[in-house]
Every structure is written in C-alpha cells, then in structure tokens.
Amino acid sequence: MPELPEVEALSAILAERAVGQEIARVLPVAVSVLKTYDPPPSALEGRTVTAVARHGKFLDLATDGPHLVVHLAKAGWLRWRDGLPEAPPRPGKGPLALRLLLAGPERSGFDLTEAGTRKGLAVYVVGDPQEVPGIARLGPDPLDDSFTLEAFAGLLRGVRHRIKGVLRDQSVIAGIGNAYSDEILHAARMSPYRLASDLTEAEIAGVYEAMGTTLRSAVERSRGLAATDLKGEKRGGMRVHGRAGQPCPVCGDTVREVSFRDSALQYCPTCQTGGKPLADRRMSRLLK
C-alpha cells in the first residue's frame, strides 16, 4: 500500500507537471472508483490545476474549481504518461480505473490503476477536501512542525492498544501504514505488541525519533524518482517489512512474521522482543 513517503513523492511529481495546466478530460473507467457524484468528474474539465497537496495517504489535486482527491488504497497506483492515446479507454477487466488528460498537444496526464480483485481505490470530486470522510478524521501529520514529542506523548496517554495498531490508526497519526510502522518499531527496538499506555517517557521518545527519521529518510530517497521507480525504492529501503526469513541488517537474527487475516507484520526478535518470537495465533490454529 502506498504510504506517506510514496504519496508525498507522487504529490511532488504532480505538482511539477500539472500545476498551471488545464484539465481537458477526466475519464472514469471503473465506475466503482467514484465515491462522489455531485459535482461530477466533468466539472474538473476546463479547470486549471492550482496546487497539489497530501493529506495523510490522500492525494489532493486542487483546481480553480473543485478538488480531485484520490486514495490509492492497497493496490492502487498513479502512472504519469506523456502522449496518452487518442481513443478513450474502454471499461474492461484491466487495471485502469480513471484517466486524466491535460490540455495541449503533448496529451500528457495520468492513469489511476488498481491491481487485483479487491477494489479499494477511491476518487472524490469535492469543493473542499474536508468533505472527504477519510480526510476529515485524520490525525496530525507526523512530518508537520507542530507534531512535537509532547504532542505525540499526549496521543498515547491512556491508550490501551498495541503500539503497532496505534501507529497505523489514521485518526491518531496520518499517513503511516503497515510497512512503515514495522520499520519505525524496528528502528525504535520496540515490540509491536507493547501497549501504548505502558511506554516509558524514554520509550516514547525513542519511537518518536524513529518515526521522524524513518519517514524523512524514505521521503528523501523517493525525491526526484519517477512514479514507476517508487515501489522498488520502497521495497529496497525496508529493513524488516516484507523480509521474513531474511537476516536482520542490524543484528543478523532471522526476521520473523506474524500473520493476520488480511495483513502481516515483520519484526526482529533480537532487536525488538528480547529474542522471544511473538505468538502467531493464525499459524497456531493451522497447525492444530
């Protein structure tokens, strides 16, 4: 799933290439991708792109009229293209969900695509991004200057949930998902099962520092890359996430995994849990 660093990079790509350009056509290919209907996507046509912003994992393409807001979900992606085809795209079984064509002879623009059968890609056309429910409930952005250690500690106070889940909760902190929460906790040498309310001041400070370092490093690595290279950069920059069975780059222990119904976390026992593997209840049930 694209998370804060990748969405930040896509935002920069769109800002560089689309701001100041007029939108010629917006062509929804998969009707299910549209989550709003008034105004319709055609209300963007003839409008000039004025800015591009990121709200957590949401992309916000602002015009001198409505906003086009996109959430890429688990398997969505944005592909910038020069020389889009003359013929309009046909609805079908392919990954294309929506095409936006800019005015001009270059026929540049972007495609929104989504792989797989579980469709979660969401597109909103709204007068204000706060009209999007997912944006309205977002917590603070961890890269914002106002997100201080004191602010982070306040969010954790009295929260009787595992720190892994707290980091992923978009209403608590915006933009962090499964992958970067694994990376942050590994950098902080913190078990994903620790309760947020049980963390000491020193441990809270450690997670806060690891969060800033991990996210800013990922954003910096992604800066200037083409959209087609961002996924590979994300995978290549991971130390534990997606690397179950491989050696931890810090201590050499084997990276372990805990599986859930629709996701999995990865961690290093030596770095994070005192050498003790975490219980994987799903695997335990399968072995019975």
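In this predicted model, the side chain of Ser-222 reaches back to the backbone oxygen of Ala-218, at a distance of 3.0 Å. Ser-222 belongs to helix α6, which covers residues 201-222. Its relative accessibility is 4%, and because buried means under 20%, Ser-222 counts as buried. What surrounds this serine, once neighbours within four places in sequence are left aside? Ser-222 is then in contact with Pro-5, Ala-9, Leu-230 and Glu-233.

Two of these partners, Pro-5 and Ala-9, lead conveniently to helix α1, which spans residues 4-18, and from there to the sheet. The sheet is open and has 4 strands, in the order β2-β3-β4-β8, with antiparallel pairing. Its edges are formed by β2 (49-55) and β8 (122-126); each has a single partner strand, so one side of each is left without a neighbour in the sheet. From one strand to the next, the twist averages 15 degrees. Helix α1 packs on this sheet and touches both β2 and β3, and the direction of the helix makes about 175 degrees with that of β2.

Within the sheet, strands β3 (residues 58-63) and β4 (residues 67-71) pair in the antiparallel sense over 5 bridges. These two strands form a hairpin, with 3 residues between them. Two residue pairs help to trace the register of the hairpin: Ala-62 stands opposite His-67 in β4, while Asp-60 has Val-69 of β4 as its bridge partner.

Strand β4 is also joined to β8, again by 5 bridges, and the two strands run antiparallel. Here Val-70 stands opposite Val-123 in β8. With β3 paired to it and β8 joined to it as well, β4 deserves a closer look at its side chains. Are the residues of this strand buried or exposed? Of the 5 residues of β4, 5 are buried, so the strand is largely enclosed by the rest of the structure. The side chains divide between two directions: His-67, Val-69 and His-71 point one way from β4, whereas Leu-68 and Val-70 point the other way, and all are buried. His-67 and Val-69, which point one way from the strand, are also the residues met above in the hairpin, where His-67 lies opposite Ala-62 and Val-69 is the bridge partner of Asp-60. Val-70, pointing the other way, is the residue that stands opposite Val-123 in β8.

Note on methods. Residues numbered from 1 in each chain as written. Predicted model: local features only at pLDDT ≥ 70, side-chain atom pairs only at ≥ 80, totals over all residues. Heavy atoms only, no water. Buried < 20%, exposed > 50% of the residue type's maximum accessible area, 1.4 Å probe, protein only. Polar contact = N/O pair within 3.5 Å; in protein donor to acceptor, adjacent residues only side chain to side chain. Contact = heavy atoms within 4.5 Å. Pairing = 2+ DSSP bridges. Axes fitted to C-alpha atoms, helices over the stretch in contact; angles between N-to-C directions.
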